[in-house]
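Reader: Hello! Could you take me on a close look at one part of this protein, the open sheet and what packs around it?

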Amino acid sequence: MMRTTVPPVACVGEPRLTAGFAEFGRLDLLAHEEVHGPIGPMEPANLLRLAEGIQLKGKGGAGFPLARKLRAVLESCERQDLSAVVVVNATEGEPASWKDKVLLTRAPHLILDGAALAAYALDADEIVVGVADDGVGRESLTEALQERRMPVPTSIVSVPHRFISGEGGALVNGINGLPHIPPGTKKRSSDSGVGGLPTLLSNAETFAQLAVAARLGPYEYAALGTDDEPGTVLLTVTGVAKRPAVVECAAGTPLREILDLCEVPDGPGILTGGYHGKWITREAADRAEISRKGLAAAGGTLGAGVVLPLGADTCPLGEAAQVVRYLAGESAGQCGPCKMGLPDLARAVDLAVSGSAPVEVVRAAAGDVKGRGACSHPDGTARFALSAVEVFAEDLRLHTTGEGCGRRVKGVMGLPGAPDPNPQKLTLDWSRCDGHGLCAHVVPDFIRLDANGFPAFPSTPVPTWLREGALKAVKVCPELALRLSKAE
């Protein structure tokens with residue numbers, strides 16, 4: 001189920017982004033200055049050196065180095081003789097992620113500090129903060145702007161709370177008054193973004209980390225974390241965790257420590273990075289560390305900082321199939337891989353889970369969209385689907401035999417809305433069936449004829465998108481042998 005309130009906050013080790021939360025809850029300007037101390041503007045060269053010195057990368061999922069973005073905007077402004085715009089991406093359209101919302105609701109001044117630093121260094125004309133229209137964080141951010149003076153005019157823009165609305169190009173489009181979807185072609189916001197001006201666009205946590213680093217300096221900032229990834233990381237730990245939370249920890253912290261803190265029971269796998277991320281086994285999680293390099297070594301990814309464990313009593317492939325269907329529905333529908341490829345991928349995953357198709361169908365559908373989209377959405381969705389069929393290969397084997405894994409889908413992935421409230425399955429009265437084969441002609445994706453010409457189909461629930469066809473198959477059966485009933 002999707003959360004409607006911001007989850008609790010926890011910390012492993014020294015708090016930085018979450019400093020003062022225990023004492024003040026939400027930090028207004030006075031509390032913010034008491035906890036973090038003063039901050040002054042920085043010249044472009046100094047800010048660039050700081051971003052490079054702490055190896056600060058974007059925290060929204062892509063991990064693009066902030067210093068390269070800063071330099072690209074500076075060069076573009078000089079080349080085109082134009083002013084810059086700073087855009088804070090706090091939309092967090094990923095349903096499983098809450099870290100940016102925690103910063104918006106409890107530490108808004110850290111985000112604004114980082115944006116102000118960038119605006120001063122770039123001599124920007126404007127700061128725009130993009131937030132989702134779900135209402136989470138906007139009031140807190142508005143109060144923070146009323147409490148302080150920003151170096152340039154600063155506005156808040158609401159965008160639809162959709163997965164693709166947080167994509168950089170989609171956010172720029174929305175600010176420019178266009179549909180909140182990615183542009184049909186790849187373009188660099190550093191060349192032409194908001195109002196056609198060179199635009200520095202980065203995630204809310206990235207700006208907050210920049211504000212922390214500006215106060216500490218590169219050496220003290222690097223006192224936590226690893227040599228490759230200094231500083232701390234914000235994680236959203238949900239799924240079947242008994243104590244779901246947004247957790248701050250130093251990069252390099254063992255994932256096992258985070259799972260124990262959040263009281264995560266044993267289960268078949270853990271999603272890392274979010275819906276565009278990758279699954280890892282529980283055994284891999286025991287040796288993984290919280291960093292890009294550490295999670296990659298275990299087969300996962302840091303991505304958007306999502307850690308979503310599954311329980312032993314839910315069907316992992318069924319959970320994954322729901323997410324793939326959701327991601328296909330979140331498509332902008334303006335390029336082939338999204339418009340046609342993602343629905344085909346969702347269909348392939350459903351067929352594999354229902355036992356009606358081999359895993360090669362999933363791999364082929366994923367291969368058709370990888371590297372071909374106008375944005376990263378097709379690639380991320382394909383990565384998620386392929387990772388699921390690889391990590392849950394034994395479950396998939398059980399599904400392809402038609403037996404299924406024996407577990408129901410409980411809907412623990414944080415998707416908007418609830419899981420299918422009325423799962424249904426086909427049953428056959430063998431005493432009535434004469435093997436006419438009409439049912440297989442009506443819904444061949446789910447019902448096939450065995451070597452003797454009798455219908456064969458999985459014992460798992462019928463996928464929602466095949467429900468109508470299954471009902472027709474029941475109606476055309478001349479012997480009334482086929483039934484569609486509630487799955488237990």
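Author: Happy to: here is the sheet, then the core beside it, and finally a histidine elsewhere in the chain.

A few ground rules come with this predicted model: local features need pLDDT of at least 70, side-chain atom pairs count only at pLDDT 80 or more, and totals for chains, interfaces and linings use all residues. Residues are numbered from 1 along each chain as its sequence is written, and side-chain values use heavy atoms, with hydrogens and water left out.

The open sheet has four strands in the order β4-β3-β2-β5, paired in parallel. Strands here are DSSP runs of E with at least two residues, helices are runs of H or I with at least four, and both are numbered from the N terminus. Two strands pair if DSSP finds at least two bridges between them. β4 (154-159) and β5 (199-203) are the edge strands with a single partner each, so one side of each has no neighbour in the sheet. On average, neighbouring strands are turned by 20° against each other, direction ignored. β2 and β5 run parallel and are joined by five bridges; V85 stands opposite T199 in β5. Helix α6 packs on this sheet, touching β2, β3 and β5, where contact means heavy atoms within 4.5 Å. The direction of α6 makes about 160° with that of β2; such axes are lines fitted to C-alpha atoms, for helices over the stretch in contact, and angles run from 0 to 180 degrees between N-to-C directions.

Now the core. The largest nonpolar core has 57 residues, and L47, L70, V86, I127, V129 and L200 touch the most other members. Such a core is a set of buried Ala, Val, Leu, Ile, Met, Phe, Trp, Tyr and Cys residues joined through side-chain atoms within 4.5 Å; buried means under 20% relative accessible area, with a 1.4 Å probe and protein chains only. Among the elements that each supply at least two residues are β2 (85-90), β3 (126-132) and α6 (108-122). α6 gives the most, with ten residues. L47 touches M42, L70, L117, A118, A121 and L210, not counting residues up to four places away in sequence.

Finally, H276 is found in the loop between β8 (270-272) and β9 (278-280). H276 is buried, at 18% relative accessible area. The side chain of H276 makes a polar contact with that of H377 (3.1 Å); this term means a pair of N or O atoms within 3.5 Å, and within protein one must be able to donate a hydrogen and the other to accept it, while residues adjacent in sequence count only if both atoms are side-chain atoms.

Terms used: Buried < 20%, exposed > 50% of the residue type's maximum accessible area, 1.4 Å probe, protein only.
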